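Reader: I am a first-year student, and I would like a close look at one part of this model. Please take me through a single strand and its partners, then set that part in the whole chain.

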Amino acid sequence: MRLDKMLAHLGYGSRKEVKEFIRKGYVLVNGIRIKDDDYKVDETMDEIQFLEQQIHYEHLLYFILNKPAGYVSATYDAYDPIVLDLIEGHEKRGLFPVGRLDKDTTGLLLITNDGNLAHQLLSPSKHVDKAYEVTFSGEYQTSFAVKFKEGILLDDGYKCLPASFKLLESHHGIITIQEGKYHQVKRMFEALGMNVLTLKRVSFGCLTLPDDLKEGQYRSLTEQEKNKLITKGE
Ligand code: URA
């Protein structure tokens, strides 16, 4: 990982600020002063010091899970199984799901112990796209695509941000939203007189649900996925 990226990720400053700190010689890698901001470090092996203080790069974990129905997106539930039950050894790793999918929703859920990243991804100002494959009952009218784009008014008076909807076949389509209000997609459809029957998240920011990941399965993010997610925060 690039040295400037790692320091910015750990909260030592913005990318611009940490580049400046590196150029000023604040950082040692394995005892050698490094003034190159694009210097590559092995965050698991290299000993890194900032202003003579040892940096502890917490081992950050990132998993992509294909959530099955019946699991709650939480770190604890008194009655139902939780998504973390699907991750081996999760108890010792401080993992949590980034955001929530309803118990009956399936699909892409990011599981991590990186609080900074989760905060960025969930920040309403970031407008991270989330796409859901949806099946529904009720009568779909072509004018609804425009209504989704203009922002649906929910039952509590909240006007949603613009969303896009693509009908794939009768009663089946893909909706992309930028927020994550409680039961948002279901409530958007209800506002138009339809009912969501099944909901599956197929993408989250730059992550796409892999075709070969079956429900209940998970895998670590690839280096490329991780870098994209951390750099762009989406
Ligand atoms: N919108 C919903 O209604 N439910 C989900 O789980 C996610 C988005």
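Author: Here is a walk around strand S10, followed by a helix, a loop residue and the whole chain.

This is a predicted model: local features need pLDDT of at least 70, side-chain atom pairs count only at pLDDT 80 or more, and totals for chains, interfaces and linings use all residues. Residues are numbered from 1 along each chain as its sequence is written, and side-chain values use heavy atoms, with hydrogens and water left out.

Start with strand S10, residues 172-177. Strands (E, at least two residues) and helices (H or I, at least four) are DSSP runs, numbered from the N terminus. Five of the six residues in S10 are buried. Buried means under 20% relative accessible area, exposed over 50%, and partly exposed in between, with a 1.4 Å probe and protein chains only.

S10 has strand partners. Two strands pair if DSSP finds at least two bridges between them. One partner is S8, residues 130-137. S8 and S10 run antiparallel, with six bridges. Here Tyr132 stands opposite Ile175 of S10.

Another partner is S9, residues 164-169. This pairing is also antiparallel, with five bridges. Leu167 has Gly173 of S10 as its bridge partner. S9 and S10 form a hairpin, with two residues between them. His171 sits in that turn and has a positive phi of about 60°.

Now the helix. In H3, residues 115-122, the buried residues include Leu117, Ala118 and Leu121. Seen down the axis of H3, its buried residues fall within an arc of 100°, so they line one face of the helix. The arc is taken from the directions from the helix axis to the C-beta atoms.

Next comes Asp80, in the loop between S5 (62-67) and S6 (96-97). Asp80 is partly exposed, with a relative accessible area of 25%. Its contacts (heavy atoms within 4.5 Å) are with Val72 and Lys103, not counting residues up to four places away in sequence. Gly70 is ten residues from Asp80 in sequence, and their C-alpha atoms are 7.5 Å apart.

Last, the whole chain. The chain has six helices and 13 strands. Of its 234 residues, 44% count as buried. Along its principal axes, the C-alpha trace spans about 65 × 35 × 30 Å. Among contacts with a separation of 6 or more, 61% come from residues 24 or more positions apart.
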